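Work through the exercises below with the sequence and the model side by side, and try each task before you read its solution.

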Amino acid sequence: MTMDHLIVHEAHNVAMRDTPQHFYDKQPSRGSYIKNKDQYTEWYNQSINNPEQFFGNMAREYLHWDKDFTKTLTGSLEKGDVAWFLNGELNACYNCVDRHAFANPDKIALIYEADDEKDNYKITFNELLTRICKVAGVLQKWGVKKGDTVGIYLPMTPEAIIAMLAVARLGAIHSVIFAGFSAGSLKDRIVDAGCKVVITCDEGKRGGKTVNIKRIVDEGLNGVQSVSHILVFQRTGNPQVPMTAGRDYYWDAECAKQRSYIPCVPINAEDPLFLLYTSGSTGSPKGVVHTAGGYLLGAALTTRFVFDLHPEDVFFTAGDVGWITGHTYALYGPLSLGTSSIIFESTPAYPDYGRYWRIIERYQATHFYVAPTAMRLIKKVGEAEISKYNISSLRVLGSVGEPIAPDLWEWYNEKIGNENCVICDTMWQTESGSHLIAPLAGAFPTKPGSATLPFFGINAAIIDPVNGQELTGNDVEGVLAIKSPWPSMARSVWNDHQRYMETYLKPYPGFYFTGDNAGRDHDGYYWIRGRADDVVNVSGHRLSTSEIEVALSEHPAVSECAAVGIADDLTGQAIIAFLALKNEEMEHPANPEDLQLLRRELIMKVRGSIGPFASPKSVIIVEDLPRTRSGKIMRRVLRKISSNEAEELGDLSTLANPEIVPKLLSAVDAQFLSLKK
């Protein structure tokens, strides 16, 4: 290890020690499934030392198998041939619906919280089964069979859940495309997946506004030959929405022709259950493949043990099934356990900022799972609404999409949890299928800002990015990797296994590479520090931009920040820091020198925290940062803009706030112009 790298590691460790790490030790109101740290450690060690026995037992306990598996695990990360539950056969729809409908038909499965609250309703497991079977009957009539792919482009309504489970019932593969994607992005995904049928609706409703869903589908499917049929749910019933004869059919009319029950088609545990596309900097969508047995078990186990979810609970995931959070924790996790799930179509601000809290009060929700970006919004402009509602039914609060900052964690704990709830800050990915690192509610203490400890089967490792060696012991920082397979891990990229290998398994042979920087503190708790590709080399000094962000965030004026590296003729790379301020008036002060003074203070803060070599070349004040709909800051956009490569921004379809891009361009141009002067 070089002296420069030792300096960087020490900077990481100092930042880690300076991060608030006081423990919060809480128990949910009823007895937890995992009682304490000792029980967690015992189960965790079993899952690592004997995964075949541990997950074999869990699979037989939590899933219904039409045909038992003969071997629990084979293959390796190095070869990329991992397979779980060999020769076993099951059906995801049966596991999520049929078995609960037969045992408890009148229990509520889905609670639909519509964009307009007067349209809310509930669906029992028995009703859900009937509606799924009818859609499956339509698809079956159209020739959809085991192994076919079906595209789903629907807003967050019960029909999205029904469509996914209807596809799974037939042993087919669903590919859900978020209903905010453009026609071009929709087309890319439909074509890559080779979808035979697309399920959509006439129009969507979000925040009181109408979204022209079918028009986007028509534009996206122009010239696409693989799609033979489109099933259209009439969400608004607008008669002006165009329908193409011989291709487009209305949901209700076609379902009325089908019988109320058709049997499930069992598939192999390693057969694909779904594809879910993630975007890359090249603009080429990447279809992540998840398999039926391993994924479903991961969804069930993490939902049960991370959130301590009991059958009588009500689970509210404020996420869309267009993303992995909606797949795993609005659908497959809660329903596989027979628990009621709230499906939320609207936004946290419509018709006012009390929307989340009315939902929790109305249905006595016990669990609330949301991205920090939504909490930041409410903290900033909607905090006054919280006290108007009784949300004391809550036991567990979840955070997803990005690490939750310690100050926001504390606010979440105080204002939403009333200091009585367990907070589960969960770290995972589309590719992981389910949680990698997360607290188990009530089992052990948590720390604000830390994802805490690995879930069962997650053999987490911190790797030195310079020499590729695992860093053992505690108080270490590097990149996060996993050194043994787990059931819900993605098996491939659709039709491009080499891309899967190159992205996840070859960077550090024998490990799955998460792509994240992370640290393990003196208690063995994990702290996620941002993407590992955000590493810069300034005059020979390698350092993570996440550490610069930690230093900048400590300044009282800073609300949020992101640092990126760009090419520099003198130093090889230079650091550009983007900041949003807590006081918006400071963005355009009456005296411009005040802003320059703030910039100098921020640069000195970094120099003092890490060293002169880490000083940003420029500090750019912006009103907001570009972020995905899951709340993650899209740093590659900042990197491209800072590098004068705005024409090469790549796929922006996952950007939640595309309107910020022109403003970022202007801010960068203005700052660089002032530097030249």
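## Exercise 1: The surroundings of one lysine

Keep in mind throughout that this is a predicted model.

Task: Find the residues that Lys122 touches, leaving aside its neighbours within four places in sequence.

Solution. Beyond those neighbours, Lys122 is in contact with Ile108, Leu110, Ile111, Glu127 and Tyr363. As a next step, place the residue in the secondary structure: Lys122 belongs to strand β5, which covers residues 121–124. Finally, compare a pair that is separated along the chain: Lys122 and Gly354 are 232 residues apart in sequence, and their C-alpha atoms are separated by 21 Å.

Task: Decide whether Lys122 is buried, partly exposed or exposed.

Solution. Begin with the cut-offs, since buried means a relative accessible area under 20% and exposed means over 50%, with partly exposed in between. The relative accessible area of Lys122 is 48%, so this residue counts as partly exposed.

## Exercise 2: The sheet that holds β5

Task: Write down the order of the strands in the open sheet of seven strands, and explain why β5 and β20 have one side without a neighbour there.

Solution. The order is β5-β4-β17-β16-β18-β19-β20, and the pairing is mixed. Because β5 and β20 (422–425) stand at the edges and each has a single partner strand, one side of each is left without a neighbour in the sheet. Neighbouring strands of this sheet are turned against each other by 20° on average, when direction is ignored.

Task: Describe how β18 and β19 are joined, and then name the helix that packs on the sheet.

Solution. Strand β18 (residues 367–370) and strand β19 (residues 396–399) run parallel and are joined by four bridges. Within this pairing, Phe368 stands opposite Leu397 in β19. The helix is α12 (residues 355–363), which touches β4 (108–113), β5, β16 (314–317), β17 (340–344) and β18, while its direction makes about 150° with that of β4.

## Exercise 3: The whole protein

Task: Judge whether the protein is as compact as a globular protein of its length.

Solution. Start with the inventory, which comes to 19 helices and 31 strands. The radius of gyration is 25 Å, close to the 26 Å that the globule rule gives for 677 residues, so the protein is as compact as a globular protein of that length. Its C-alpha atoms fill a box of roughly 70 × 60 × 50 Å along the principal axes. To complete the picture, note that 61% of the 677 residues count as buried, and that the protein exposes about 24,800 Å², of which carbon and sulfur atoms supply 50%.

Conventions: Residues numbered from 1 in each chain as written. Predicted model: local features only at pLDDT ≥ 70, side-chain atom pairs only at ≥ 80, totals over all residues. Heavy atoms only, no water. Helix = DSSP H or I, 4+ residues; strand = E, 2+ residues; numbered from the N terminus. Buried < 20%, exposed > 50% of the residue type's maximum accessible area, 1.4 Å probe, protein only. Contact = heavy atoms within 4.5 Å. Pairing = 2+ DSSP bridges. Axes fitted to C-alpha atoms, helices over the stretch in contact; angles between N-to-C directions. Rg over C-alpha atoms; globule rule 2.2 N^0.38 Å. Areas by Shrake-Rupley, 256 points an atom, 1.4 Å probe, with all protein chains shown as cover.
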